[in-house]
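This report covers a predicted model. Please have the sequence and coordinates open while reading.

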Amino acid sequence: MAKPAIFLDRDGVINEDTGYISQVDDFHFLPGTIEALQLLKKKGYLLVLVTNQSGIARGYFSEDDFMNLTEWMDWSLADRDVDLDGIYFCPHHPEHGPACDCRKPEPGMLLAAARELGIDLAASYMVGDKTADIQAGIKAGVGKTALVRTGKALTEQGMALASEVFDDLLGFAKSIQSLK
């Protein structure tokens, strides 16, 4: 049976968005993030990270740098009883490499996760800080989308497209219904 998931953008949703983060010393969880992720897991949702990482295509850092940081982040969360069910990233940028269907606003990462993890897209949520995050969720057929105010400045377009807007990830986590 397919399970609902929370699809999460990384920079600006889980951690401070300081631009092209590739080193552990530059990665800082946003206040309330750990508590929010713990709560979402307790409520019975799969947690799936979906993140554009154009810094790889731009040559700012390597895919190995990204993978090392991601492994550290994943272990840091696991040490706090938060297991991510999937981590998907797009290393592409249209001006610095091939066209792809995984770079948000395209739905490729979400669709791949749904296939691989058995996710019920219609019962799932996409949480991001940019219009592209919301567009990817809508294109993938995700049931609800949410913007958080902890990353990029929200646009009128993004707020109009999103199902809801929250101050942060913890506010979102507290608002949604438990599956258990």
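The sections below deal with the sheet, a helix packed on it, and a buried helix.

## Sheet

The model contains an open sheet of six strands with parallel pairing, and the strand order is S3-S2-S1-S4-S5-S6. Strand S3 (86-90) and strand S6 (164-166) are the edge strands. Each has a single partner strand, so one side of each lacks a neighbour in the sheet. On average, neighbouring strands of this sheet are turned by 20° against each other, with direction ignored.

At the S6 edge, S5 and S6 pair in the parallel sense over three bridges. In this region Val 148 stands opposite Phe 166 of S6.

## Helix on the sheet

Helix H3 (residues 63-78) packs on the sheet, where it touches strand S2 (46-52) and S3. The direction of H3 makes about 155° with that of S3.

## Buried helix H5

Is helix H5 enclosed by the rest of the structure, and why? Helix H5 spans residues 131-140, and seven of its ten residues are buried, so H5 is largely enclosed by the rest of the structure. Buried here means under 20% relative accessible area. The buried residues of H5 are Thr 131, Ala 132, Asp 133, Ile 134, Ala 136, Gly 137 and Ala 140.

The cover over these buried residues includes two helices, H4 (108-117) and H6 (156-161). It also includes two strands, S4 (125-128) and S5 (144-148). After H5 comes Gly 141, which has a positive phi near 85°.

Technical notes:
Residues are numbered from 1 along each chain as its sequence is written. This is a predicted model: local features need pLDDT of at least 70, side-chain atom pairs count only at pLDDT 80 or more; totals for chains, interfaces and linings use all residues. Side-chain values use heavy atoms; hydrogens and water are left out. Buried means under 20% relative accessible area, exposed over 50%, partly exposed in between (1.4 Å probe, protein chains only). Helices (H or I, at least four residues) and strands (E, at least two) are DSSP runs, numbered from the N terminus. Contact means heavy atoms within 4.5 Å. Two strands pair if DSSP finds at least two bridges between them. Axes are lines fitted to C-alpha atoms, for helices over the stretch in contact, and angles run from 0 to 180 degrees between N-to-C directions.
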